[in-house]
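Trainee: I would like a close look at a single part of this model. Please take one helix and follow its surroundings.

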Amino acid sequence: MRVNFDLSDRRWASLALIGGGLLLLGLWQWGIGLVWPLFIVGPGAIMLFHALNARTTEDLDMIFPGVIVTATGALLLYQSMSGHWASWAYAWAMYPALTGFAMQWRAARTRRYAHEYLIGQNMFRYGLMALVGLAVIFEFAIFNSGSAQVLGLGLVGLGVVLLLSGGKQNSKTIDFGDLMKPKNDAPKAKIEDTDAA
């Protein structure tokens, strides 16, 4: 289902005014306090919306700032609410995983970037593994928190990585040249390239 987002439509302006008014009333009543990262999540969500409803290949590129800004805002919201600011020591490892996810998502939707599908898949998989591994190392060995929540999240993250990587292992060795070749099992492009050379 595609949502048409026309800024000249009076309904969007009305909804924006209502939302802005409710936000200002909430900030006046309760203060900005712990929810200030929503000012980062908001623009990221707008960029994600733009990328998810893209009609051209250029619009698909909004997936990169969309996932990066939204995830950064979500992380800051978590840190603001929990007070666990030390998690920045390993949270940076989410950026390669997010970039890989965006590459894979874009490659699945246009032929111009089909060669990036496998690269993005590997960046997502190994970036997520690095994030989980660093989180466990920092939380248990360095911060001495011993939190069962962190271990539980780490195990869930590792399970997601293994699930997304597929159960079968191929005995064929892959070199760097194979990573640059488009993979046959990549999804079909949904947006046709009109300006591709």
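Mentor: What follows starts at one residue of a helix, moves to a helix pair and ends with the aromatic pairs.

The model is predicted, so local features need pLDDT of at least 70 and side-chain atom pairs count only at pLDDT 80 or more, while totals for chains, interfaces and linings use all residues. Residues are numbered from 1 along each chain as its sequence is written, and side-chain values use heavy atoms, with hydrogens and water left out.

Threonine 70 sits in helix α4 (residues 63–82); helices are DSSP runs of H or I with at least four residues, numbered from the N terminus. With a relative accessible area of 18%, threonine 70 is buried (buried is under 20%, exposed over 50%, partly exposed in between, with a 1.4 Å probe and protein chains only). A polar atom of the threonine 70 side chain lies 3.1 Å from the backbone oxygen of glycine 44. Neighbours within four places in sequence aside, threonine 70 is in contact (heavy atoms within 4.5 Å) with Val41, Gly44, Ala45, Leu48 and Pro65.

Helix α4 also packs against helix α6 (residues 94–107), at an angle of about 145° and with the axes 9 Å apart. Here axes are lines fitted to C-alpha atoms over the stretch in contact, and angles run from 0 to 180 degrees between N-to-C directions. On the α4 side, the residues making the contact include Ile63, Phe64, Val67 and Leu75; on the α6 side, Tyr95, Leu98, Phe101 and Trp105 are among them. By class, the contact has 13 nonpolar, two polar and one charged residues (Ala, Val, Leu, Ile, Met, Phe, Trp, Tyr, Cys and Pro count as nonpolar, Asp, Glu, Lys and Arg as charged, and the others, Gly among them, as polar).

Across the whole structure, a search finds two aromatic pairs; rings of Phe, Tyr and Trp (its six-membered ring) pair if their centres lie within 6.5 Å, with planes under 30 degrees apart counted as stacked, over 60 as edge-to-face and the rest as tilted. Tyrosine 90 and phenylalanine 138 form a tilted pair, 6.0 Å centre to centre with 35° between the planes. Because tyrosine 90 lies in helix α5 (residues 88–91) and phenylalanine 138 in helix α7 (residues 117–142), this pair ties together parts 48 residues apart in sequence. Tyrosine 90 is buried at 10% relative accessibility, and phenylalanine 138 is buried at 18%.

Phenylalanine 101 and phenylalanine 124 have ring centres 6.1 Å apart and planes at 55°, so this pair is tilted. Phenylalanine 101 counts as partly exposed at 35% relative accessibility, whereas phenylalanine 124 is buried at 18%.

Key:
Helices (H or I, at least four residues) and strands (E, at least two) are DSSP runs, numbered from the N terminus. A polar contact is a pair of N or O atoms within 3.5 Å; within protein, one must be able to donate a hydrogen and the other to accept it, and residues adjacent in sequence count only if both atoms are side-chain atoms.
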